[in-house]
Amino acid sequence: MEYRVVENTDIKQLAKAMSLAYAEEPWNENWSEERAVRRVKAILGNYQAVGLAATENGRIIGGLLGYVDPYADEDFFFVSELFVIPEQKKRGIGRQLLTELDKVLKEKDISVVQLISIDDNEVFYHKCGLEKDRVSVQYKRLQGG
């Protein structure tokens with residue numbers, strides 16, 4: 001298993017791995033290749049974006065994608081995506097991707113990591129040292145949009 005910073009040539013493989021990860025429970029999402037590639041490119045196009053890949057035999061089997069989110073008195077790092085392909089889950093890959101992120105962020109002098117998670121993943125994130133914030137996510141779907 002190898003962990004490394006992603007390159008532009010990794011975008012299609014990252015998109016494929018993300019699609020596979022979200023095709024299973026509890027998401028059951030059906031990502032087209034085009035939309036998955038668009039998602040990966042959008043995240044990596046953000047301010048001081050970081051992408052990390054977990055690879056095995058040259059194949060991307062997991063990824064972490066996010067960006068620096070400047071705030072009033074310090075910068076945060078927002079993790080937009082953390083995923084592992086289904087057959088590789090429960091092997092510590094997601095945890096190691098977060099550990100690798102910590103190393104990158106220390107070099108950038110960033111000490112706060114944020115992400116949005118579904119309830120199903122809270123136990124995992126807690127084991128990785130993340131705590132539930134007091135902020136809740138609000139949204140609305142526009143009619144006809």
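Start by selecting strand β4, residues 75-84: this strand is mostly covered, with 9 of its 10 residues buried. Buried means under 20% relative accessible area, exposed means over 50%, and partly exposed lies in between, using a 1.4 Å probe and protein chains only. Strands here are DSSP runs of E with at least two residues, helices are runs of H or I with at least four, and both are numbered from the N terminus.

Before moving on, a word about the model. This is a predicted model, in which local features need pLDDT of at least 70 and side-chain atom pairs count only at pLDDT 80 or more, while totals for chains, interfaces and linings use all residues. Residues are numbered from 1 along each chain as its sequence is written, and side-chain values use heavy atoms, with hydrogens and water left out.

**Stop 1: the neighbours of β4**

Keep β4 selected and add strand β3, residues 59-70. How many bridges join β3 to β4? There are 9, and the two strands run antiparallel. Strands count as paired if DSSP finds at least two bridges between them. To see one pair of partners, click G62 and then V84 in β4, its bridge partner. Follow the chain from β3 to β4 and you will pass through a hairpin whose connection has 4 residues.

Now add strand β5, residues 112-115. β5 runs parallel to β4, and 4 bridges join these two strands. Two pairs are good to label here: F76 stands opposite V112 in β5, and V79 stands opposite L115 in β5. In general, strands of a sheet pair through backbone hydrogen bonds, either parallel or antiparallel.

**Stop 2: a helix between two strands**

Next, select helix α3, residues 93-107. Together, β4, α3 and β5 make a right-handed β-α-β unit. To check the hand yourself, turn the view until the strands point away from you: a crossover is right-handed if the path from the first strand over the helix to the second runs clockwise.

**Stop 3: the whole sheet**

Show all the strands. They form an open sheet of 5 strands in the order β1-β2-β3-β4-β5, with mixed pairing. Which strands are at the edges? They are β1 (2-5) and β5, each of which pairs on one side only. From one strand to the next, the twist averages 25 degrees. Such angles run from 0 to 180 degrees between N-to-C directions, with axes being lines fitted to C-alpha atoms, for helices over the stretch in contact.

**Stop 4: the largest pocket**

Switch on a surface view. The largest pocket has a volume of about 1200 Å³. Of the 39 residues lining this pocket, the closest to its centre are W27, L82, I118, N121 and Y125, so select those five to find the place. A pocket, on a 1 Å grid over the protein atoms alone, is an open set of points with protein on both sides within 12 Å along at least five of seven lines; a cavity is a set of points where a 1.4 Å probe fits but cannot get out, and lining residues have an atom within 4 Å of a point. Grid points are joined across faces, edges and corners, and a volume is the space filled by probe spheres set on the points.

Colour the lining of the largest pocket by element. Those that give two or more residues are α1 (11-22), β4, α3 and α4 (122-127). β4 gives the most, with 7 residues. Colour by class instead, and the lining has 20 nonpolar, 6 polar and 13 charged residues. Here Ala, Val, Leu, Ile, Met, Phe, Trp, Tyr, Cys and Pro count as nonpolar, Asp, Glu, Lys and Arg as charged, and the others, Gly among them, as polar.

**Stop 5: the second largest pocket**

The second largest pocket holds about 830 Å³ of space. Select L115, I116, E131, K132 and D133, which are the closest to its centre of the 22 residues that line it. β4, β5 and α4 each supply at least two residues of this lining. Which element gives the most? That is β5, with 4 residues. By class, the lining of the second largest pocket has 11 nonpolar, 5 polar and 6 charged residues.

**Stop 6: the loops and the last segment**

Go to the loop between α1 and α2 (33-44), where you will find P26. A cis peptide bond joins E25 and P26, with omega at about 0 degrees. N28 lies in the loop between α1 and α2 too. N28 is not a glycine, yet it has a positive phi of about 55 degrees.

Finally, select Q138 in the segment after α4. Is Q138 buried or exposed? Q138 counts as exposed because its relative accessibility is 64%. Draw a distance from Q138 to D75: they are 63 residues apart in sequence and 22 Å apart in space, C-alpha to C-alpha.
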